[in-house]
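Work through the exercises below with the model open. Try each task before reading its solution.

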Amino acid sequence: MTDSRNVADFLGEDGCLQCGVCGKRKQLRINFMGRDRVVGCLCDCEVQARKEKEEQLRREEAQRELYQRKSVGLRDRRFWEWRFENDNGSNDKMLIARQYAKNWEKMKKENVGLLLMGPVGTGKSFFAGCIANALLEQGERVMMTNFSRILNEMTNYQADKNQIVQNLVDYPLLIIDDLGIERNSEFALEQIYNVIDSRYCKMKPLIITTNLGLNDMKDESLDVAHKRIYSRILEMCVPVYCGGADKRREEGTEKLGRMQSLISG
Ligand SMILES: [Zn+2]
């Protein structure tokens, strides 16, 4: 053991060292195999110091694990800064993000996702990023990425597409940023549907941000490939309009009411 003597320590009546601070023994005399021996032991200060050291190591380990989860799950370095503590309070919809993160266990159990809509600059990605960081900090595994990145990985000649889909399904929460900007090839639409439908079948929640409006997603003139993607998303996700006043925000209120009754219920 480390020598933790200090000047105030003193020898007790039995010749063993005692702590000058807490007064407890730092040594004791034992009889071992017929011989008298003096062995070290921990006084209260040393027990306390050891506890603090272990606590410190646990905190450092937790930090390392968090860093690891974020490195894997936040596929864009910008996402790291999108945290509730960096919210300037300008968007009242952020309350929904806070409620979602706070009630995550319920959202997960009930498979409640979010469809965050609004034009560029309305903070919908920030909204999603705050949820991602909050849950990662709670120890949850979250993946926040976009379909352009996923499709790039899939078109790598060595890629195992099924494995990539499986990995995305394994995350308790998957966040897809900016749906609708990726390419529209038959392959892309097939894989996008595949990822979303796989989570649907496993009843795992999905958060999506998009510039698309509900009218775009419910457009009767869409082809089947788009229709089936959007209809799955609308089944899985509560629409939240992140911009200011807009008629589109009204369309989501019924489902939003359901989410809020879940939260308060
Ligand atoms: Zn002591």
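Arg98 counts as partly exposed, at 36% relative accessibility. The cut-offs are under 20% relative accessible area for buried and over 50% for exposed, with partly exposed in between (1.4 Å probe, protein chains only). The model is predicted: local features need pLDDT of at least 70, side-chain atom pairs count only at pLDDT 80 or more, and totals for chains, interfaces and linings use all residues. Residues are numbered from 1 along each chain as its sequence is written, and side-chain values use heavy atoms, leaving out hydrogens and water.

**Exercise 1. Salt bridges**

Task: Find the salt-bridge partner of Arg98 and locate both residues.

Solution.
- Step 1. Apply the rule: a side-chain nitrogen of Lys or Arg within 4 Å of a carboxyl oxygen of Asp or Glu. The count is 19 salt bridges.
- Step 2. Arg98 pairs with Asp87, at 3.6 Å from N to O.
- Step 3. The two are 11 residues apart and link distant parts of the chain: Arg98 sits in helix α2, Asp87 in the loop between α1 and α2 (94-102). Helices are DSSP runs of H or I with at least four residues, strands are E runs of at least two, and both are numbered from the N terminus.
- Step 4. Asp87 is buried because its relative accessible area is 18%.
- Step 5. Extend the search. Lys70, Arg83, Glu85 and Glu137 are joined into one network by salt bridges with shared partners. Within it, Arg83 meets Glu85 at 2.7 Å between the closest N and O atoms. Glu85 is exposed, at 61%.
- Step 6. Look along helix α1 (residues 44-73): Glu61 and Arg64 are three residues apart there, about one turn of the helix. Their side chains form a salt bridge of 2.8 Å, N to O. Glu61 is partly exposed, at 33%.

**Exercise 2. The zinc site**

Task: Which residues bind the zinc ion as protein donors, and what is the geometry of the site?

Solution.
- Step 1. Collect donors: N, O and S atoms within 2.8 Å of the metal (3.2 Å for Na, K and Ca); water is not among the atoms, so sites may look incomplete.
- Step 2. The SG atoms of Cys19, Cys22, Cys43 and Cys45 qualify, at 2.2 to 2.4 Å. Their spacing in sequence is C-x2-C-x20-C-x1-C.
- Step 3. Angles among the four donor atoms run from 104 to 115°, so the site is tetrahedral, a class in which all angles lie between 85 and 135 degrees.
- Step 4. Compare two ligands. Cys43 is buried, at 0%. Cys45 is partly exposed, at 29%.

**Exercise 3. A nonpolar patch**

Task: Which residues form the nonpolar patch on the surface?

Solution.
- Step 1. Candidates have over 30% relative accessible area and no salt bridge; nonpolar side chains are joined within 5 Å, like charges within 9 Å.
- Step 2. The patch is Ile30, Phe32 and Met33, with about 330 Å² of accessible area together (Shrake-Rupley method, 1.4 Å probe).
- Step 3. Phe32 lies in strand β3 (residues 27-32) and is partly exposed, at 43%.
- Step 4. Met33 is in the loop between β3 and β4 (35-40). Met33 is exposed, at 74%. Its phi is positive, about 50°, although Met33 is not a glycine.

**Exercise 4. A recorded span**

Task: Describe the UniProt "coiled-coil region" in the model.

Solution.
- Step 1. The unreviewed UniProt entry lists residues 43-70; such annotations may be inferred rather than shown by experiment.
- Step 2. The span is 96% helix and 0% strand, with its end C-alpha atoms 41 Å apart.

Note on methods. Four donors count as tetrahedral if all angles lie between 85 and 135 degrees; four count as square planar and six as octahedral if opposite donors are over 155 degrees apart and all others between 65 and 115; anything else is irregular.
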